[in-house]
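Biologist: I would be grateful for a close look at one part of this model, namely the surroundings of the ligand. Please set that part in the context of the elements around it.

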Amino acid sequence: MLSTAENYHEATKYTEESLSQTAKQLDMSQQPSPFKEFVSSTRIRMAPYLPFSPTPFDQEGESLEKGDPASDLGKISRLLYFTNGITGVIQYPGAAHALRAAPSAGALYPTEIYLVCRNSEDLADGIYNYQIADHSLVLVCEGNHFSDLSAYSFNHPAVEASQFILLLTGIYQRSAWRYEQRAYRRILLDTGHVLGNITSYAAEEKLAAHPIYDFHDEAINQLLFLNDEEEVCQLLVALPPFDRAERLSLPPRRVIQPGPQDEEDAATMIALQKSGYFNEGNSQPATATAEAMEVKYPTAAVMTLEQPELVWSGIAQTIVRRRSTRKYSGDEIGANQLSLLLWHAYQPFRAALNPDAVPEVEPMHTNDWLCLPCDLETYVVVHNVTNVLAGIYHYEPGAHTLRTVRMGDFVRETWHICLGQELARDASAMIVHTADLPKAIERYGNRAYRSLHLDAGHLGERLNLAAVGVGLGVSGIGGFFDDEVNETLSLDRDYITVYITTIGQPA
Ligand SMILES: Cc1cc2nc3c(=O)[nH]c(=O)nc-3n(C[C@H](O)[C@H](O)[C@H](O)COP(=O)(O)O)c2cc1C
C-alpha cells in the first residue's frame with residue numbers, strides 16, 4: 001500500500017491532461033491577503049533599526065531617530081528584514097505589489113515568521129509575529145516559552161543555547177488559492193527559501209542558524225494559537241550565538257512510527273501534513289542519517305569542479321538585490337560560476353557529507369551544525385556552460401564533482417517539461433533536486449515529504465544568492481511534468497522531482 005506522502009505526490013503530479021482539466025480563470029477578488037493581521041496593543045516598530053534610510057516603512061513627513069544598531073532590536077530588525085522583508089515593489093495600474101527578500105511561487109507568500117525571545121534588553125519575553133507590511137513585531141503571547149519549546153522539540157540542545165528562535169509557518173490558502181493541492185509543495189519550497197536567507201545572513205549577526213525539523217506539531221501550533229487546518233508550523237530555527245553553537249552535540253533526526261494512514265482524504269495537503277505529526281509517544285531517533293552518499297554512477301566520466309574561493313561579502317546587499325530573473329539571453333555561463341553556485345548551495349552540509357573534503361575555512365562560513373539533506377540527489381542539466389559538454393550530470397556534493405548521466409542537447413525537452421516556460425529554454429543550466437521517496441519515507445515516515453521540500457527550497461535560495469552574488473540570473477521553477485522529468489533524467493519510477501532552479505545570463 002502506498003504511504004500518504006506517495007499518494008499525495010501521485011495525485012498532485014502535473015500531466016498535460018491534468019493541467020488542461022484544472023485550467024481555470026483566477027478570481028482575483030478571492031486572493032487571500034499575503035499579510036497576517038493581528039489586533040494587539042503591543043506593536044514594536046523596527047524600521048528605525050534598519051541600516052539604511054529612508055526606509056519603505058517611514059510614514060510621510062516623518063524623520064525617525066535611528067535605533068542603536070548594537071541592540072537586540074537592531075539585530076532582530078536586520079535578521080527579519082534580510083530574511084523576508086519587503087525589498088521591492090511592482091506597480092500595476094492602480095495597485096502596488098510588494099516583493100520580499102525571499103522569492104515565492106506566484107508571489108503568494110504563504111510563509112509567516114514568529115519570533116520567540118527571552119532575556120532581551122529591548123523586548124519582553126514572549127512570542128511575536130513579524131509584521132512584514134510595516135516591519136514591526138506584534139506580541140502574540142507574553143512569557144518565557146523556552147522550556148515549552150525544549151520539551152516540544154525533543155530537548156534539542158540548540159533551543160537551550162538560544163535567546164532567539166524563529167518559527168516558520170505556512171498558511172495553506174494563500175498558495176492553494178492558485179495552486180490547489182499542489183500548493184503544499186510550493187509552501188514548503190517557499191519556506192525553505194526563507195530558511196536559505198536565514199542560514200546565509202545569520203552569520204552576519206554572529207548567530208548560528210539551526211533548523212529543527214522534529215517537534216510536537218500540535219503543541220507548537222497551539223502555542224501559536226493556530227487553527228491547523230489553515231496555518232501550520234513547518235520548521236523551527238534556533239539561533240544560538242556562535243560561541244555556544246560550536247559546543248552543541250546535535251541529536252539524530254527522528255522517525256515517526258507508522259500509524260493509521262491512507263484514509264479516504266489521504267491525497268490532500270492537510271492530511272499529509274497531519275500524517276507526519278510527532279507527538280509524545282509516536283517517534284524514535286532515526287538510525288540511518290549522515291552516512292556518506294554512495295557513488296551513484298561509478299563507471300561514468302567524472303569532472304571535478306574547481307573549488308571556489310569561499311569569499312562571501314555583502315550578503316545583505318545581495319539579498320536586497322535578489323530578484324527572480326524573468327528572461328534569459330541563452331548566452332553561456334562559466335564553469336567556475338556553476339561551480340561556485342553549487343558549492344555555496346551545499347556549503348552548510350558539506351562537512352556532514354564528506355568530512356575529508358572540507359578545506360580550512362573561516363568559522364563564519366562553517367555551518368557544519370546544519371542538518372544534512374541526505375535524501376536529496378541533485379542533477380545538473382547543462383545547456384550552455386563554458387568547457388562543459390551539454391548534457392545531464394549527477395552532482396556529488398561531498399566531492400564537488402559532476403558525473404555524466406546522458407550527453408546531448410536537452411533544451412527542447414526541458415522547455416517542454418517546465419510547462420513550456422521560456423526560462424527553461426533560455427537558461428544556461430538547470431539544477432534539479434530529486435529524491436527516492438520510498439527510501440526517504442522509510443527513514444523519516446511521511447514527514448520526509450516535508451523535509452525534502454524544505455531542504456530543496458533551502459538549497460534553492462542559496463543557489464539564488466550565489467547567482468546574484470556573481471551577477472547571474474536565476475529563477476526557481478515549481479511547475480513541471482513530474483513523470484517526464486524522470487524520463488529525461490533516466491530516473492527510476494520511485495524518484496520524485498522536488499524542485500528545479502534555472503540559472504543563466506539575464507536578457
Ligand atoms: C518555489 C518557487 C517556485 C517558482 N516557480 C516559478 C515558475 O515556475 N516560473 C516562474 O517564472 N517563476 C517561478 N518562481 C519565481 C516567482 O515567480 C518569484 O519568486 C515571485 O514572482 C517573486 O519575485 P521575486 O523572486 O523577484 O522577488 C518560483 C519561485 C519559487 C520560490
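Modeller: The account below begins with the ligand and then turns to the sheet, a helix and several loop residues. The model is a predicted one.

The shell around the ligand is made up of 19 residues, and the closest of these are Pro103, Ala105, Ser324, Gly476 and Gly478. Two elements each give two or more residues to this shell, namely helix H7 (183-201) and strand E17 (473-477). The greatest share comes from H7, which provides four residues. Sorted by class, the shell holds seven nonpolar, nine polar and three charged residues. Both domains take part: domain 1 (4-57 + 65-248 + 264-282) and domain 2 (302-504) each supply at least three residues to the shell around the ligand.

The loop that joins H7 to E8 contains Lys206. The phi of Lys206 is positive, near 60 degrees, and this residue is not a glycine. Most residues other than glycine have a negative phi. Lys206 counts as partly exposed because 13 other C-beta atoms lie within 10 Å.

The strand that follows this loop, E8, belongs to a sheet. This sheet is open and consists of seven strands in the order E1-E6-E5-E4-E7-E9-E8, paired in antiparallel fashion. E1 and strand E8 (210-212) form its edges; each has a single partner strand, so one side of each lacks a neighbour in the sheet. From one strand to the next, the twist averages 30 degrees. Within the sheet, strand E7 (residues 164-171) and strand E9 (residues 231-238) run antiparallel and are joined by seven bridges. One of the pairings sets Ile165 against Ala238, its bridge partner in E9.

Two loop residues can be described in relation to the edge strand E1. Asp27 is located in the loop between helix H2 (16-22) and strand E1 (43-45). Asp27 counts as exposed because it has 8 C-beta neighbours inside 10 Å, the cut-off for this class being 12 or fewer. Although Asp27 and Arg178 are 151 residues apart along the chain, their C-alpha atoms are separated by 9.3 Å. Pro54 is placed in the loop between E1 and helix H3 (72-84). The peptide bond that leads from Ser53 to Pro54 is cis, and its omega is near 0 degrees. Most peptide bonds are trans.

A further backbone feature is found at Phe154, in the loop between helix H4 (146-152) and helix H5 (157-160). Phe154 is not a glycine, yet its phi is positive, at about 55 degrees. With 16 other C-beta atoms within 10 Å, Phe154 is partly exposed.

Finally, helix H16 (residues 447-469) offers a check on helix geometry. Its 23 residues, at 1.5 Å a residue, should span 33 Å, and the end C-alpha atoms are indeed 33 Å apart, which agrees. H16 is mostly covered, as 22 of its 23 residues are buried. Just after H16, Gly471 adopts a positive phi of about 80 degrees. The description thereby returns to the ligand, since strand E17 (473-477) is one of the elements that give two or more residues to its shell, and Gly476 is among the closest residues.

Technical notes. Residues numbered from 1 in each chain as written. Predicted model: local features only at pLDDT ≥ 70, side-chain atom pairs only at ≥ 80, totals over all residues. Expected span 1.5 Å × (residues − 1). Buried ≥ 20, exposed ≤ 12 C-beta atoms within 10 Å, placed from the backbone. Pairing = 2+ DSSP bridges. Axes fitted to C-alpha atoms, helices over the stretch in contact; angles between N-to-C directions. Near = placed C-beta within 6 Å. Nonpolar A, V, L, I, M, F, W, Y, C, P; charged D, E, K, R; others polar. Domains from an automatic or database assignment.
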